[in-house]
Amino acid sequence: MSLHIYDTSARATREFVPVEAGRASIYLCGATVQAPPHVGHIRSGVNFDVLRRWLLRSGYEVTFCRNVTDIDDKIIRVAAEDGVPWFTVAERNQRAFTWAYDTLGCLPPTVEPRATGHVPEMIVLMQRLIDRGHAYASGGDVYFDVVSYEDRYGTLSNQKLANMRPAADTDDESCKRDPRDFALWKGAKPGEPTWPTPWGPGRPGWHLECSAMATKYLEATFDIHGGGLDLIFPHHENELAQSQAAGDGFARYWMHNGLVKIGAEKMSKSLGNSLLIPEMVQKVRPVELRYYLAAPHYRSSIDYSEEALREAAAAYQRIEGFVTRAAEVIHDVDADAPLPQAFTDALDDDLGTPQALAVVHEVVREGNVALSRGDKEAVARLLAETQNMLDVLGLDPRSPQWRSAKSDLKPVVDALVAVALEQRKAARARKDYAAADAIRDQLAAAGVTVEDTPHGARWELSR
């Protein structure tokens, strides 16, 4: 079975056939950097990181473009409230997003363009649309004429133009031919940043920037366009319309990840129910948060709860425990060991991470049995399978990403625990089991789990 993905535009699962054999191009709508990221934002990064890793494992050369919207109404508003320049808000929050992506183990994008660095490409795109009769300048603004594209506008979101509401992206609707027309360019306003264009100074509309950047770095027709489910309309619908109206093929597949919710509401900063990444990685380790976000199918919604987060952390720790114990017995892991067919089938079936992780847990169970029997040959095979599967998911506990992230104090912790374990060993040797149990209980209270093995006591942090 080859990779099949659910294409929002077709409303069906389709076989992935790239524009160019052996190469895959992905454009992911990245951050609008008016505020730091919460888990709803970073879920998208994790989901598409798994897709990218699977394409790489499947032999593709992958170009991954993730943009940054560094100018829009919200950024300008936050800057005014904070009394700082707009670019200060954009820069500090872009750094926060980069830190969050890195902390959760997302591979760096091939290219990460900013909207404000691509105004020339936007001007060219607007001129092409005007020349084709699909856009017009009005009062310093430039708008896309939806009626001129009526036969195709709404295909991505499966809507009819007659049923659509006004775009509501301007203070003066009289500038538009139709209230549903959307802004490609917004004319200059006092106190706002501006860039020169043939139609007057101003700044980009939200939708225009992505079309300009995607086609600059991935060509006029590329493979996959991704983003959150909430972007289908109007953002992605408008991207598709303006790009194809200008003559570009644009994305061949549209993939959308589900949202993270608290109760019935989408997680958002405006609702005050966001959970910021620095706060989340105080509750669980970053790798456990990644597991939590990657474990559900990417198209499903996640209803956030502390209990579910703890359960995900515990599930990951079971995997980690096997890998750690097995690595003490097997020192050389076969990185080229084949993946279990069920794991491959699961990811080829629209990136089915729940089924893929079920395979991981089954192999871990087999591995624990092999460890208890002392079957080193089976342990070696099952450890290789486990680590190779976890590498695809970005969850291998022995990767430098997660080993280096544990703690700068690890050498100190190692030394202190070693002293305590020596004291426990001495107590057991003199048959003072009460003292030995007390030491073990004190370590457990401090978050250190001790396990007695035929090779001596071993320990690990419970968080």
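Modeller: A strand is a DSSP run of E with at least two residues, a helix is a run of H or I with at least four, and both are numbered from the N terminus. This is a predicted model: local features need pLDDT of at least 70, side-chain atom pairs count only at pLDDT 80 or more, and totals for chains, interfaces and linings use all residues. Residues are numbered from 1 along each chain as its sequence is written, and side-chain values use heavy atoms, with hydrogens and water left out.

Biologist: In which strand is Thr 69 found?

Modeller: Look at residues 61-69. They form one strand, and Thr 69 belongs to it. That strand is β4.

Biologist: Is Thr 69 buried or exposed?

Modeller: Buried means under 20% relative accessible area, exposed means over 50%, and partly exposed lies in between (1.4 Å probe, protein chains only). Thr 69 has a relative accessible area of 2%, so the residue counts as buried.

Biologist: With which side chain does the side chain of Thr 69 make a polar contact?

Modeller: A polar contact is a pair of N or O atoms within 3.5 Å; within protein, one must be able to donate a hydrogen and the other to accept it, and residues adjacent in sequence count only if both atoms are side-chain atoms. For Thr 69 the distance is 3.4 Å. The partner is the side chain of Asn 67.

Biologist: Which residues does Thr 69 touch, not counting those up to four places away in sequence?

Modeller: Contact means heavy atoms within 4.5 Å. With residues up to four places away set aside, Thr 69 touches Ala 31, Thr 32, Val 33, Ile 75, Ala 115, Trp 206 and Glu 209.

Biologist: How many residues of β4 are buried?

Modeller: β4 has nine residues and is mostly covered. The buried count is seven.

Biologist: What order do the strands of the open sheet have?

Modeller: Two strands pair if DSSP finds at least two bridges between them. This open sheet has four strands with parallel pairing. β4 and β10 are its edge strands, each pairing on one side only. The order is β4-β3-β9-β10.

Biologist: How many bridges pair β3 and β4?

Modeller: The two strands run in the parallel sense. One bridge sets Tyr 27 against Cys 65 in β4. The number of bridges between β3 and β4 is eight.

Biologist: Which residue in β9 does Ile 26 stand opposite?

Modeller: β9 covers residues 221-228 and runs parallel to β3, joined by three bridges. Across from Ile 26 in β9 stands Ile 224.

Biologist: Which helix packs on the sheet?

Modeller: The helix spans residues 206-218 and touches β3, β4, β9 and β10. Its direction makes about 155° with that of β4. Such axes are lines fitted to C-alpha atoms, for helices over the stretch in contact, and angles run from 0 to 180 degrees between N-to-C directions. The helix is α5.

Biologist: How many residues of α6 are buried?

Modeller: α6 has 14 residues and is largely enclosed by the rest of the structure. Among the buried ones are Ile 232, Leu 240 and Ala 245. The count is eleven.

Biologist: Which residues are in contact with Ala 241, leaving aside neighbours within four places in sequence?

Modeller: Ala 241 lies in α6, residues 232-245. It is buried, with a relative accessible area of 3%. Its contacts are Phe 144, Tyr 149 and Tyr 153.

Biologist: Which residues do ring pairs link into a cluster?

Modeller: Rings of Phe, Tyr and Trp (its six-membered ring) pair if their centres lie within 6.5 Å; planes under 30 degrees apart count as stacked, over 60 as edge-to-face and the rest as tilted. The structure holds 14 such pairs. The cluster is Phe 144, Tyr 149, Tyr 153 and Phe 182.

Biologist: How far apart in sequence are the parts that Phe 16 and Tyr 253 tie together?

Modeller: Their ring centres are 5.5 Å apart and their planes stand at 55°, so the pair is tilted. Phe 16 lies in the loop between β2 and β3, whereas Tyr 253 is in β10. Phe 16 is buried at 3%, and Tyr 253 is buried at 1%. The parts they tie together are apart in sequence by 237 residues.

Biologist: Over which ring does the charged end of Arg 299 sit?

Modeller: A charge sits over a ring if NZ of Lys or CZ of Arg is within 6 Å of the ring centre and within 35 degrees of the ring normal. For Arg 299 the distance to the centre is 4.2 Å. The ring belongs to Tyr 6.
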